[in-house]
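Q: I have a model in front of me and want to learn how to read its features. Where do we begin?

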Amino acid sequence: MNKRTFLKLCSAAAASRFVSPVLGAESKEKLTNWAGNLEYGTEQLTPATSEAEVQQFVKEHRNFKVLGTRHCFNDIADSRNAFLSLKPQGRVVTLDKTARTVTIEAGMTYGQLAPYLHQNGFALHNLASLPHISVAGACSTATHGSGEKNGNLSTAVSALEIVLASGEVRTLSRAKDGETFKGAVVGLGALGVITKITLDLQPTFMMQQWVYQDLPFDQLTKNFDAIEGAGYSVSLFTDWRKPLINEVWLKCRMDAEHKFRAEPEFYGGRLATRNLHPIIELSAENCTEQMGVPGPWYERLPHFRMGFTPSAGKELQSEYFVPREHALDAILAVSRLNEMVSPHLLITEIRTIAADDLWMSTCYQRPSVTIHFTWKQDWPAVSKVLPVIERELTPFKVRPHWAKLFTIPPDQLRAKYDQLPEFVKLCTQFDPQGKFRNSFLNRNIFAA
Ligand SMILES: Cc1cc2nc3c(=O)[nH]c(=O)nc-3n(C[C@H](O)[C@H](O)[C@H](O)COP(=O)(O)OP(=O)(O)OC[C@H]3O[C@@H](n4cnc5c(N)ncnc54)[C@H](O)[C@@H]3O)c2cc1C
C-alpha cells in the first residue's frame with residue numbers, strides 16, 4: 001500500500017476529535033495501547049482514587065503494572081496479571097510560587113496541567129509533541145521535546161512520592177537524595193507506583209511558531225548548528241524521498257534575547273503560507289497554530305492540539321538517540337537507507353535534547369540528537385527495517401527510545417547504560433520480589 005492510500009484510509013479517523021476509549025475491567029473491548037498495535041496481556045484494570053487505595057492494591061498483588069495514558073508502542077507497560085490506573089488522581093496538590101514548583105497527583109496529563117500553570121503565571125521548560133500523555137508515564141520513559149538547551153521532560157522533576165513494593169510510601173527529592181533520586185526519575189515503571197510528582201517551573205512565556213518547507217539537505221549539513229539554534233525548539237521533518245527537509249518547525253520564545261525574524265527564506269527553505277501537518281497530506285486542524293501567531297507556551301511547544309488525534313493515529317513509532325557530535329553522520333547514514341525506509345514511513349522527525357544526569361535517561365551525560373520514525377502500521381515490514389537502521393547507527397553509540405519499537409538485542413542495550421548495574425540494585429532494593437517487573441523489564445533490564 002502506498003503512503004497516499006494508507007493515509008486516505010486513516011485520515012478520516014485522524015482528523016476527527018479524539019475520543020479516549022473507556023477503559024476498565026468491565027469493558028467489552030480488548031485493552032490495547034493508544035496506537036492499537038499492542039493488545040495487553042490482561043484486561044484487569046483497577047482505578048485507584050487515593051494513595052491509601054494504591055498502598056492496599058500494592059500489598060494485595062504479587063505482580064502488576066501501572067498504566068498511564070497507554071501511549072507506549074512497545075510492551076514496557078504491559079502485564080499478564082493486573083493493571084493499576086491512577087487516572088482518577090489528576091489534581092494539583094500544591095503550587096509553590098516562591099520555590100517555583102508544582103506538585104501534582106500522578107494521574108495528571110500535561111494537557112490538564114499546562115493551562116492551569118499558565119493561568120497562574122507559570123510554565124514548564126518543554127513539552128513533547130503531544131499534551132495527551134501522563135506526566136508520570138512520560139517522565140518514567142525519558143520523554144522529550146526539542147531544543148538544544150532543553151533537557152527531556154524528566155529533567156523538570158524535583159521530587160517524587162512512590163509507593164514501594166512493601167506498600168511503604170517513600171519521598172525522593174533532587175535536594176536530599178542525590179544519586180538515588182537520579183536513578184529513580186527515569187524509573188521505567190520498575191521501582192514502584194509514583195503517586196505524586198513535583199516539577200520545576202519558570203514564569204509563563206509566549207511563543208510563535210513558523211514552518212519552512214523544502215530545506216535542501218546540503219544546507220542542513222553545512223548549517224546544522226545554526227538551524228538547530230534558530231529557535232527555542234526546532235523539529236526537522238523528512239520522508240527521505242528527496243534530499244530535503246520537507247518541513248522545519250521553528251518554535252520561538254517571544255521573550256528571547258535574540259528574537260527570530262521570519263524571512264521568506266531560511267537556509268533555502270521557503271516560509272509556509274498556511275498551517276501544515278508534519279505529514280503534509282493530513283489536515284493541519286489537529287496541529288498547533290503556526291504562521292507566527294503568538295500563543296502561550298503550551299499551545300506552541302507540542303505539535304498536536306489537546307482534544308484532537310495527535311500524529312496520524314494508526315501508526316507505529318521508533319526513535320534513536322545519538323550524541324550530538326555524531327548528528328550529521330547519523331542522519332546521512334539513515335538517508336542512505338531511503339529506498340528501504342521510505343515505503344514504510346509516514347514521516348521522520350529530527351530533534352535535539354540537552355544532556356542530563358538521570359541514570360536511565362536516553363540523554364544521560366550526552367547532548368543528543370534523535371532520529372524518529374512514524375511508520376505505517378505494518379510490523380512485519382517495519383521489524384525488518386529496524387535492525388538495518390540500528391546496525392547503521394551502532395557506530396554512533398545509538399540508544400533507542402524506551403517507549404517506542406526497537407530490535408536492539410538486550411545485552412547490547414544494557415551495555416549502553418553505564419549506570420544500569422546501579423539501577424538494577426536500586427530496583428532490587430525497592431522491589432525485592434519483582435512485583436513491578438514484566439517481560440520487557442525482565443528481558444531488557446534484568447536479563448532474566
Ligand atoms: C502520538 C504519540 C506522540 C508521541 N510523541 C512523543 C514525543 O514527542 N517525545 C517522546 O519522547 N515520546 C513521545 N511519545 C511517546 C510517549 O511519550 C511515551 O510513550 C510516554 O511514556 C507516554 O506516557 P504514558 O503515560 O502514555 O505511558 P504508558 O504507556 O501508560 O506507561 C509508560 C511507562 O510508565 C509507567 N508508569 C506510568 N504511570 C506510572 C506511575 N504512576 N508510577 C509508576 N510507573 C508509571 C508504566 O508502567 C510504563 O512502564 C509519543 C507517543 C505517541 C503515541
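A: Begin with polar contacts, because many of the cases below rest on them. A polar contact is a pair of N or O atoms within 3.5 Å; within protein, one must be able to donate a hydrogen and the other to accept it. Keep in mind that this is a predicted model.

Q: How far is the backbone oxygen of F308 from a polar atom of the H132 side chain?
A: The separation is 2.8 Å. H132 sits in the loop between strand 6 (122–123) and helix 4.

Q: Is H132 buried or exposed?
A: Buried means under 20% relative accessible area. H132 has a relative accessible area of 5%, so this residue is buried.

Q: Now the ligand. How many residues surround the ligand, and which are the closest?
A: A residue belongs to the surroundings if one of its heavy atoms lies within 4 Å. Here 37 residues surround the ligand. The closest are V66, G68, T69, S134 and H401.

Q: Which polar side-chain and backbone atoms should I look at around the oxygen atoms of the ligand?
A: Take three cases. An N or O atom in the side chain of H401 is 2.7 Å from an oxygen atom of the ligand. For R351, a polar side-chain atom lies 2.9 Å from a ligand oxygen. With R70, the polar atom belongs to the backbone, and the distance to a ligand oxygen is 2.9 Å.

Q: How much of the accessible area of the ligand does the protein cover?
A: Compare the ligand on its own with the ligand in place. On its own, the ligand has 980 Å² of accessible area, and the protein covers 99% of that.

Q: Which elements give two or more residues to the shell around the ligand?
A: They are strand 2 (65–67), helix 4 (135–140) and strand 9 (193–200). Helix 4 gives the most, with four residues.

Q: What is the make-up of the shell by class?
A: Sort the residues into nonpolar, polar and charged. The shell has 18 nonpolar, 15 polar and four charged residues.

Q: Next, strands. With which strands does strand 11 share bridges?
A: Two strands pair if DSSP finds at least two bridges between them. Strand 11 (residues 206–216) is joined to strand 13 (residues 244–253) by nine bridges, and the two run antiparallel. Strand 16 (residues 295–296) is joined to strand 11 by two bridges, also antiparallel. Another two bridges join strand 11 to strand 15 (residues 269–271), again antiparallel.

Q: Which residues are the bridge partners of M206, M207 and Y212?
A: M206 has P296 of strand 16 as its partner. M207 is matched with R253 of strand 13. Y212 is matched with L271 of strand 15.

Q: How many residues of strand 11 are buried?
A: Eight of its 11 residues are buried, and the strand is mostly covered.

Q: What about strand 18?
A: Strand 18 (residues 345–353) has nine of its nine residues buried, so this strand is largely enclosed by the rest of the structure. Eight bridges join strand 18 to strand 19 (residues 368–375), antiparallel. One of the partner pairs is T352 with V369. Strand 12 is joined to strand 18 by three bridges, antiparallel as well. There, T238 has T348 as its partner.

Q: How many aromatic pairs does the structure hold?
A: Rings pair if their centres lie within 6.5 Å. The structure holds 19 aromatic pairs. One is F217 with W240: the ring centres are 6.2 Å apart and the planes are at 45°, so the pair is tilted.

Q: Why does the pair of F217 and W240 tie together parts of the sequence?
A: F217 lies in helix 6 (residues 217–228) and W240 in the loop between strand 12 (233–238) and strand 13, so the pair ties together parts that are 23 residues apart in sequence. F217 and W240 are both buried.

Q: What kind of pair do F260 and F266 make?
A: Planes over 60 degrees apart count as edge-to-face. For F260 and F266 the planes are at 75° and the ring centres 5.9 Å apart, so the pair is edge-to-face. F260 is buried at 17% relative accessible area, and F266 is buried at 7%. Both belong to one aromatic cluster with W210, Y212 and Y267.

Note on methods: Residues are numbered from 1 along each chain as its sequence is written. This is a predicted model: local features need pLDDT of at least 70, side-chain atom pairs count only at pLDDT 80 or more; totals for chains, interfaces and linings use all residues. Side-chain values use heavy atoms; hydrogens and water are left out. Accessible areas come from the Shrake-Rupley method with a 1.4 Å probe; for residues, only the protein chains shown count as cover. Ala, Val, Leu, Ile, Met, Phe, Trp, Tyr, Cys and Pro count as nonpolar, Asp, Glu, Lys and Arg as charged, and the others, Gly among them, as polar. Buried means under 20% relative accessible area, exposed over 50%, partly exposed in between (1.4 Å probe, protein chains only). Rings of Phe, Tyr and Trp (its six-membered ring) pair if their centres lie within 6.5 Å; planes under 30 degrees apart count as stacked, over 60 as edge-to-face and the rest as tilted.
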